[in-house]
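Work through the exercises below with the sequence and the coordinates open. Try each task before reading its solution.

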Amino acid sequence: MSNVQPTVIAVLCSDLHICHEPPMCRSDEPNWYATMAGYFQQLKDLSLQYRVPIICAGDVFDRWQSIPELINFAIEHLPAMYAIPGQHDLPYHGMEAIKRSAYWSLVGAGVLSHLTRPTKLDDVNLAVHPFPWNAEASPITPFEGCVNLALIHRYCWVKEHSYVGADQINHAKILLNAYGAADVLHFGDNHSGFLLAKEHRTILNTGTFMRRTVSEVDYRPRVGLLHDDGSVVLHYLDTSSDVMSFTTKLQGADIDDVDVVDFVRSLKLTEQDSIDFVDLLKQKAADECKEVQDAIRLIIELASA
């Protein structure tokens, strides 16, 4: 029996959702940018501790058209990493205009190494097979003599880590076979993290990188430490400095004074089929009173939980 201990070869993360404004449940943070920087530092520290690359399974930004202040912040504070885009990184969820995105600004700045084809990282004996948002699942062609990682931005679920009515085709056990001989399948998109080991293969869904909704108050954000034997160990991030708001600013408000009916009716006057519905909600809410804006933000956050 070998006494050789497995060696960490990569830090796996996903769904950073870098954003300018804090989510409603984090609105009492004294400095949201400093809070995000603290999480990025934890990621960087792990990479330096093990001297390994960071690999992200998408949704680096919460909005593809993030403001320059936020992009500059990410260039300064986000550690270098390999990545694929999630739908939040892509203009109207499509790859065609990726060069217009905040994600691509980080590629240009050398912060993100954008993976477009199977790539062997010789220094850590790892091959990464990228499947960004909307990429069809297909069996990989494995590289010999190394760990083969399928890096995927797609909703993957198991019991107790899904929404009601989740499509069976996206169940972890179904997807395990869809990518052929991959040793490890690392998924982004589902914000409820889980780890599943089956038949010497591993499915990792790291979940949300930072808690973003009231439903996540008991959630423990984590990253995966990938080892050279294909195993993954979860590393839970330090959330002790988080400031979570357990009540919403809508409590005590007189909803009768909020003309939500007119707001909803106004949505029907806009025909922008190519724009994501959440973006449309935010766009329309910008011209409404503060109470309507808070109501819409709360609805979006609950729907995203």
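## Exercise 1: A covered strand

Val8 has His227 of β11 as its bridge partner. The model is a predicted one.

**Task.** Find which strands pair with β11, and decide whether its faces are covered or open.

**Solution.**

1. Start with β1. It pairs with β11 in the antiparallel sense, over four bridges. The bridge of Val8 to His227 belongs here.
2. Move on to β12. β11 and β12 are also antiparallel, with five bridges. Arg222 stands opposite Tyr236 in β12.
3. Look at the connection. β11 and β12 make a hairpin with four residues between them. Gly230, in the turn, has a positive phi of about 90°.
4. Now split the side chains by face. In a regular strand they alternate between the two faces of the sheet. One side of β11 carries Arg222, Gly224 and Leu226. The other carries Val223, Leu225 and His227.
5. Check burial, with under 20% relative accessible area as the cut-off. Six of the six residues of β11 are buried. Both faces are therefore covered.
6. Add a charge–ring contact at Tyr236. The charged end of Arg220 sits over the Tyr236 ring, 3.9 Å from the ring centre.

## Exercise 2: A second hairpin

**Task.** Describe how β9 and β10 pair, and find which residue of their hairpin takes a positive phi.

**Solution.**

1. Take the ranges. β9 covers residues 194-198 and β10 covers residues 201-205.
2. Assign the sense. The two strands are antiparallel, over five bridges.
3. Pick one bridge. Leu196 is partnered by Ile203 in β10.
4. Inspect the turn. Two residues lie between the strands, and Glu199 takes a positive phi near 55°.

## Exercise 3: Aromatic pairs

**Task.** Classify the ring pairs Tyr33–Phe73 and Phe40–Phe209 as stacked or tilted.

**Solution.**

1. Begin with the search. Over the whole structure it returns eight aromatic pairs.
2. Take Tyr33 and Phe73. Their ring centres are 4.7 Å apart and their planes lie at 55°, so this pair is tilted.
3. Place that pair. Tyr33 is in helix α1 (residues 32-50) and Phe73 in helix α2 (residues 68-77), so the contact ties together parts 40 residues apart in sequence. Both residues are buried.
4. Take Phe40 and Phe209. The centres are 6.4 Å apart with the planes at 20°, so this pair is stacked.
5. Place the second pair. Phe40 lies in helix α1 and Phe209 in the loop between β10 and β11, so the parts tied together are 169 residues apart in sequence. Phe40 and Phe209 are both buried.
6. Join the pieces. Tyr33, Tyr39, Phe40, Phe73 and Phe209 form one aromatic cluster.

## Exercise 4: Three loop residues

**Task.** Sort Pro30, Ser245 and Asp189 into buried or exposed, and list what surrounds them.

**Solution.**

1. Pro30 sits in the loop between β1 and α1. Its relative accessible area is 75%, so Pro30 is exposed. Val243 is 213 residues away in sequence, yet the C-alpha atoms of Pro30 and Val243 are 8.4 Å apart.
2. Ser245 belongs to the loop between β12 and α5. At 8% relative accessible area, Ser245 is buried. Its side chain makes a polar contact of 2.8 Å with the side chain of Asp28. Beyond four places in sequence, Ser245 touches Met24, Cys25, Ser27, Asp28 and Val214.
3. Asp189 lies in the loop between β8 and β9. Its relative accessibility is 15%, so Asp189 counts as buried. Its contacts beyond four places in sequence include Asp15, Asp59, His153 and Arg154. Tyr155 is another contact, and the Asp189 side chain reaches the Tyr155 backbone nitrogen at 3.5 Å. The C-alpha atoms of Asp189 and Trp157 are 10.0 Å apart.

## Exercise 5: The whole chain

**Task.** What share of the residues is buried, and what share of the contacts links residues 24 or more positions apart?

**Solution.**

1. Count the elements: seven helices and twelve strands.
2. Of the 305 residues, 51% are buried.
3. Among contacts with a separation of 6 or more, 64% join residues 24 or more positions apart.
4. The exposed area is about 15300 Å², and carbon and sulfur atoms supply 51% of that area.

Conventions. Residues numbered from 1 in each chain as written. Predicted model: local features only at pLDDT ≥ 70, side-chain atom pairs only at ≥ 80, totals over all residues. Heavy atoms only, no water. Pairing = 2+ DSSP bridges. Buried < 20%, exposed > 50% of the residue type's maximum accessible area, 1.4 Å probe, protein only. Contact = heavy atoms within 4.5 Å. Areas by Shrake-Rupley, 256 points an atom, 1.4 Å probe, with all protein chains shown as cover. Phe/Tyr/Trp six-rings, centres within 6.5 Å; stacked < 30°, edge-to-face > 60°. Lys NZ or Arg CZ within 6 Å of the ring centre and 35° of its normal. Polar contact = N/O pair within 3.5 Å; in protein donor to acceptor, adjacent residues only side chain to side chain.
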